[in-house]
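New to this one? Here's a quick tour to read with the model open beside you.

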Amino acid sequence: MMIKYIFYFLAFVSVFSALMVVVSKNPVHCVLYLIMCFFSIAGHYVLLNAQFLAAVHVIVYAGAIMVLFLFVIMLLNLNTQSEPHKSTWLKFAAAITSGLLLVILVGTLKGSETMVMPVGNPNAGLIKNLGNTLFKDFLLPFEVSSILFLVAMVGAVMLGKKEIK
Amino acid sequence: MKSLILLSGLGVLTLLSEIFNFKRKIFPVVLLGLLGTIVLSAMYWNTNKHYFNDMMFFDNYAVAFTCLISFIAFAWFLLSQNYFNEETNLTDHFALILFALVGAVIMVSYQNMSMLFLGIETLSLSLYVLAGSRKNDLHSNEAALKYFLMGAFATGFLLFGIALIYGVTGSFNLQTIANYITLNSGNIPALFYTGVLLMMVGMAFKISAAPFHFWAPDVYQGSPLVITAFMATIVKTAAFAAFFRLFFTCFSTIESVWGNIIFVMAILTLAVGNITATYQESVKRMLAYSSIAHAGYMLLAILAMNKFSAGSILFYTAAYSVASITAFTVLSIIINKSNNEAIDAFNGLGKRNPFLAFAMTVAMLSLAGIPPMAGFFGKYYLFNAALQSGQTTIVLVAVLASLVGVYYYFKAIIAMYFKSGSDSSPVEVSFIHKLLLVLTLVLIFAMGLMSDFVIRLL
């Protein structure tokens, strides 16, 4: 029973903070709300027995990436309302399309109440089990992701290098 | 699998060549490596091997597309040889291209959605950087940023779709998902269908099908020419092969859900691509719209979804890529000469360099689908596959669209032979480019004459 209330609380916080990210005018506030959103999502992970994922999520997203975000915003000095004005038509079209997407997603979720999965192994999200899955079943994707990161690094270096003429 | 390892090794080797200073020798090594990739993957013909807990499955489809992609990459390196002589970041470019090829090979041979995602990301991430590799050119910067933002957005859709499908089936494996569909037909929750549609949106973005094509013209025009050639050929081939593999193995039994959407998408893509291409002044942008239009033709194979589809899609992508490489080679020579990518730059090319003009003519005719070039047979087999599944309407639309296509492809031909330009000095062609053009021209004709052989492969 307790878990249910925690879930509703976390769900409220994450939806609210996600909405505030979009709505608030000040970019720094946006980032702070985003951090709040990430924390509440980490809470959801814990509820779903994914403890390791929750910890990584907090460290990587709320920690590293958001700090980077804040730095960029401060360096760009975006804290004034320098947002370019968007045309009414664009807003109208965006509202309609995202509204339709919302309707579809709500509709699909409504039909799937019956297929609630039973809670699995409570230790599934611990590092040992995760490591076993990662290095047995998903060994190749794990190794291939190293190429992905190598690409990101080479790309960053290439863009950062001085052009020699 | 061996070809994948070889490609990754080549990529790392090019990075090492920067440190150990054998930069000048890396070009022939890469070419040899690509030939090696073709041989290595061709050796696995008819073996149907599964790798690493069914993460990858090298069936004939995967082998054929790996060979095709490696071959186009080989031609692409010949095309871009000049470009890299001037550029400074040679090794970085080579490494990114090779890693993009790794992504492409994964995309044609995956059997697990996690591999699909990694393949797409490896390919796209390299291209985001390469699109912006002209750091001082504002258009190049714009192209990179646009491509990156839109690409990240589309990947979000793809991941959301994968997550929903995993939520229903409990598996990333294509075969398991296909089995789930046959076992539970009529009893599948709506969540699954939403997942399928979201994945479709993600893939449609990657192949730049309308209405998800808005990024393509700007990105194609802003990027350096050789990178545009890479995007129009290899990326398109890999993305399409991945799209088809996903839908053919997994979702072919639930065509009623996505069939109509692809149908509308195909018509839109054909119309938008062909009609917008007619009033482009820049040849580069015209080729960008033509590549959108060709995505429309290729969607026919997905609509057909029968035993002819795989072969026709292989043939079409091969014919399209070879012709595009030819066109881009000629275009790059022209741009090098006159620094002008408008259609006027081709004026009088028939007199200035008859060979170049002939190559461009053949490429344009093949893209337009005039017999006996490969492009005609590509279209023929695609339309045939669609007709076998009773898709008459879409074939009619496609035929009409290709008539519009003839108009803008002929604009370049008319400029070359019937208009005289201000500049009438002859155009020099380097030996490597000559070799490449002869190779592709022979291929365009040979594929047209031996189309039956290629189509029977799959």
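What follows is a short briefing on salt bridges and on one pocket.

Keep in mind that this is a predicted model. Across all chains, a search of the whole structure turns up 5 salt bridges. The second largest pocket, with a volume of about 1300 Å³, is the other stop on the tour.

**Between the chains**

- Start with Asp92(B) and Lys161(A), which form a salt bridge with their closest N and O atoms 2.9 Å apart.
- This pair crosses between chains: Asp92(B) sits in helix H4 (residues 90-109) of chain B, while Lys161(A) is in the segment after helix H6 (139-160) of chain A.
- Asp92(B) has a relative accessibility of 6%, so it counts as buried, because the cut-off for buried is under 20%.
- Lys161(A), at a relative accessible area of 29%, is partly exposed.

**Within chain B: Arg245 and Asp59**

- Another salt bridge brings together the side chains of Arg245(B) and Asp59(B), at 3.2 Å from N to O.
- Arg245(B) belongs to helix H10 (residues 225-249) of chain B, and Asp59(B) to the loop between strand E2 (56-58) and helix H3 (60-86) of chain B, so the pair ties together parts 186 residues apart in sequence.
- Are these two buried or exposed? Both Arg245(B) and Asp59(B) are buried.

**Within chain B: a network**

- Lys146(B) and Asp218(B) make a salt bridge too, and their closest N and O atoms are 2.5 Å apart.
- Here the link runs between distant parts of the chain, from Lys146(B) in helix H6 (residues 138-169) of chain B to Asp218(B) in helix H9 (residues 215-222) of chain B, 72 residues apart.
- Lys146(B) is partly exposed, with a relative accessible area of 29%, and Asp218(B) is partly exposed as well, at 23%.
- There are further members: through salt bridges that share partners, Glu142(B), Lys146(B), Asp218(B) and Arg285(B) are joined into one network.

**The second largest pocket**

- The second largest pocket is lined by 29 residues, and those closest to its centre are Thr97(A), Phe153(B), Phe157(B), Val201(B) and Phe212(B).
- Elements giving two or more residues to this lining are helix H4 (88-111) of chain A, plus H6, helix H8 (190-206) and helix H11 (255-278) of chain B.
- Which element gives the most to the lining? That's H4(A), with 10 residues.
- Sorted by class, the lining of the second largest pocket has 24 nonpolar, 3 polar and 2 charged residues.

Terms used. Residues numbered from 1 in each chain as written. Chains lettered and ligands numbered in written order. Predicted model: local features only at pLDDT ≥ 70, side-chain atom pairs only at ≥ 80, totals over all residues. Heavy atoms only, no water. Salt bridge = Lys/Arg side-chain N within 4 Å of Asp/Glu carboxyl O. Helix = DSSP H or I, 4+ residues; strand = E, 2+ residues; numbered from the N terminus. Buried < 20%, exposed > 50% of the residue type's maximum accessible area, 1.4 Å probe, protein only. 1 Å grid on protein atoms, 1.4 Å probe; cavity = no way out; pocket = protein on both sides within 12 Å on 5 of 7 lines; lining within 4 Å. Points joined across faces, edges and corners; volume = space filled by probe spheres on them. Nonpolar A, V, L, I, M, F, W, Y, C, P; charged D, E, K, R; others polar.
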